[in-house]
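Biologist: Got a minute to go through this one with me? I'd like to start with a single residue and then zoom out.

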Amino acid sequence: QVQLIESGGGLVQAGGSLRLSCAGSGRTFSSYTMGWFRQAPGNAREFLAAITWSSESVAYADSVKGRFTISRDNAKKMVWLQMNNLKADDTAVYYCAAGLFSNITDAYNFWGQGTQVTVSS
């Protein structure tokens with residue numbers, strides 16, 4: 001079992017940056033791929049980025065490639081999403097998740113409660 005808690009969301013102006021954090025717990029945290037997703041009102045949950053347990057492989061959605069960076073520290077049981085050059089379209093609730101290396105929500109077994117990111121234009 002893995003528990004996840006996101007933090008770091010907030011209100012930021014377009015062009016600004018935020019760093020989201022995801023604190024994990026549970027003995028098996030380091031064995032999972034970690035992913036970040038987001039969901040805007042009326043939209044489906046959208047894949048953003050994933051990183052394997054060893055950090056050897058990462059993947060990004062085209063919509064955030066070059067602007068967002070995912071990283072992790074297994075010793076601290078932490079995952080981060082650095083978000084730069086934010087746009088109004090990035091406004092959503094952001095979730096971290098633990099599961100398999102995939103861009104599909106069903107591949108992830110454990111989810112945090114989400115953190116709101118609002119980008120003002």
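Biologist: Which loop does Thr 52 lie in?

Modeller: Keep in mind that this is a predicted model. Strand 5 covers 46–51 and strand 6 covers 58–60. Thr 52 sits in the loop between strand 5 and strand 6.

Biologist: Is Thr 52 buried or exposed?

Modeller: Buried means under 20% relative accessible area. Thr 52 comes in at 12% relative accessibility, so Thr 52 counts as buried.

Biologist: Which residues does Thr 52 touch, not counting those up to four places away in sequence, and which backbone nitrogen does its side chain reach?

Modeller: Leaving out residues up to four places away in sequence, the list is Tyr 32, Thr 33, Ser 57, Arg 72 and Phe 101. As for the side chain of Thr 52, it reaches, at 3.3 Å, the backbone nitrogen of Glu 56.

Biologist: On to Tyr 60. Where does Tyr 60 lie, and why does it count as partly exposed?

Modeller: Tyr 60 belongs to strand 6. Partly exposed is the range between the buried cut-off of 20% and the exposed cut-off of 50%. Tyr 60 counts as partly exposed because its relative accessibility is 22%.

Biologist: Which backbone nitrogen lies 3.0 Å from a polar atom of the Tyr 60 side chain?

Modeller: Look at the neighbours of Tyr 60: setting aside residues up to four places away in sequence, it touches Phe 47, Leu 48, Ala 49, Lys 65, Phe 68, Thr 69 and Ile 70. Ala 49 is 11 residues away along the chain, with a C-alpha separation of 4.3 Å from Tyr 60. The backbone nitrogen you're after, at 3.0 Å, is that of Ile 70.

Biologist: Zooming out, how many helices and strands are there in the chain?

Modeller: Reading along the sequence, you get β-β-β-β-β-β-β-β-β-β-β. That gives 0 helices and 11 strands.

Biologist: And why is the chain called as compact as a globular protein of that length?

Modeller: For 121 residues the globule rule gives 14 Å. The chain is close to that, so it is as compact as a globular protein of that length, with a radius of gyration of 13 Å.

Biologist: What share of the residues counts as buried, and what share of the accessible surface belongs to carbon and sulfur atoms?

Modeller: Of the 121 residues, the buried share is 44%. The accessible surface of the chain comes to about 6,100 Å², and the part belonging to carbon and sulfur atoms is 49%.

Biologist: Last one: how far apart are the mean positions of the positive and negative charges?

Modeller: The chain has 10 positive and 8 negative charges. Their mean positions are separated by 7 Å.

Methods
Residues numbered from 1 in each chain as written. Predicted model: local features only at pLDDT ≥ 70, side-chain atom pairs only at ≥ 80, totals over all residues. Heavy atoms only, no water. Helix = DSSP H or I, 4+ residues; strand = E, 2+ residues; numbered from the N terminus. Buried < 20%, exposed > 50% of the residue type's maximum accessible area, 1.4 Å probe, protein only. Polar contact = N/O pair within 3.5 Å; in protein donor to acceptor, adjacent residues only side chain to side chain. Contact = heavy atoms within 4.5 Å. Rg over C-alpha atoms; globule rule 2.2 N^0.38 Å. Areas by Shrake-Rupley, 256 points an atom, 1.4 Å probe, with all protein chains shown as cover. Lys, Arg positive; Asp, Glu negative; His and termini not counted. Charge placed at Lys NZ, Arg CZ, Asp CG, Glu CD.
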